[in-house]
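I opened the file with two topics in mind: empty space inside the fold, and the surroundings of some helices. Notes follow.

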Amino acid sequence: MVINGSEITGDMPPGYSNAIFIKDANKLITDDSIDAYREASKQDVFIFWNHPYWANQSPDASVPLSQIHKILIAEGLIEGIEIVNDTTFSNEALQLALDFNLIILGTSDIHGIVNWQYRISLGGHRPVTLVFARKKTKRSLKKALRAGQTVVWFKEKLISKKEFLIPLINSSLDVKSAKYFENTTVAHVTIFNSSDAPYTLRNQSKYDFYNLTDLVIVPAHGEVNIDVRTNKKTRKFELDIKVLSALTAAQTHPVINIIIRVNQ
């Protein structure tokens, strides 16, 4: 599915934005960038702020939120913001998305050859925005975007608001089996990761691991075996796990709860 789009280009402020689902890009040609935003809005587009922390416009790589930006956000003329652009990420942009309820986005903004930039043939990937739409249609995609149902995948890290990120992580990790070693209270647990994103996990539960430290990596489309000391045999126990390869806010990692049901 190809979505029509156009860049709204200008000096800072307000800088660069993208308008997607555009019907007539020619109408955006104007000397006044604010008029371009308003004209785009008339076409029921989705507008997001591009690389707000771009060092070429903001030398310290901060997000220069101006009064103009606040007006555009208040009028609904900026609906989303890039927290990831190409090879760069901004905690400040992520926090701004949370503070102003902007849609979290990440793009490659590629100007060259994708494989050269991101070493895809060696296992790398370009940054992308996952959108949880009900159907593969433009209408459904726009609706999901405006509902904020996005997760950014960047350098094998997942970034989003926790209400969308945690369900994605939970649906990716599956307990394939769990069984006590004979004559012990150590449970041998196998967890499978069905996603393209490897997970770096830190144990925060009351149970120690017997074969690993508190840091566990579950490879993409792979599994890990964890031997858990439960102190006594039980049919079910829970692991509280911090996902270090995911962010729900600036320097904030989500915690998930994995329920282990032991085969007797």
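Cavities first. I searched this predicted model and found 1 cavity of 30 Å³ or more. I looked up its volume: the largest cavity holds about 30 Å³ of space.

Next, the lining. I listed I191, L201, R202, N203, F209, D214, V216, I226, I241 and I258 around the largest cavity. Which strand gives the largest share of that lining? I found strand β12, residues 199–203, with 3 residues. I then sorted the lining by class: 7 residues are nonpolar, 1 is polar and 2 are charged.

Helix α1 next. I placed this helix at residues 33–42. I noted S33, I34, A36, Y37, E39 and A40 as its buried residues. What covers them? I found β1 (5–8), β2, β3 and α2 (67–74) among the covering elements.

I checked both ends of α1. At the N-terminal end, D32 acts as the cap. I read 2.9 Å from a side-chain oxygen of D32 to the backbone nitrogen of I34. After the helix comes D44, and I noted its positive phi, near 55 degrees.

Then helix α5, residues 138–146. Which of its residues are buried? I got S140, L141, K142, A144 and L145. I reminded myself that residues three or four places apart in an α-helix point the same way, because there are 3.6 residues a turn.

I followed the packing of α5 outward. Its buried residues pack against β2 (17–20), β3 (46–49), β6 (103–107), β7 (128–131) and β8 (150–154). Last entry: G148 follows α5, and I noted a positive phi for G148, near 75 degrees.

How values were computed:
Residues numbered from 1 in each chain as written. Predicted model: local features only at pLDDT ≥ 70, side-chain atom pairs only at ≥ 80, totals over all residues. Heavy atoms only, no water. Buried < 20%, exposed > 50% of the residue type's maximum accessible area, 1.4 Å probe, protein only. Helix = DSSP H or I, 4+ residues; strand = E, 2+ residues; numbered from the N terminus. Contact = heavy atoms within 4.5 Å. 1 Å grid on protein atoms, 1.4 Å probe; cavity = no way out; pocket = protein on both sides within 12 Å on 5 of 7 lines; lining within 4 Å. Points joined across faces, edges and corners; volume = space filled by probe spheres on them. Nonpolar A, V, L, I, M, F, W, Y, C, P; charged D, E, K, R; others polar. Polar contact = N/O pair within 3.5 Å; in protein donor to acceptor, adjacent residues only side chain to side chain.
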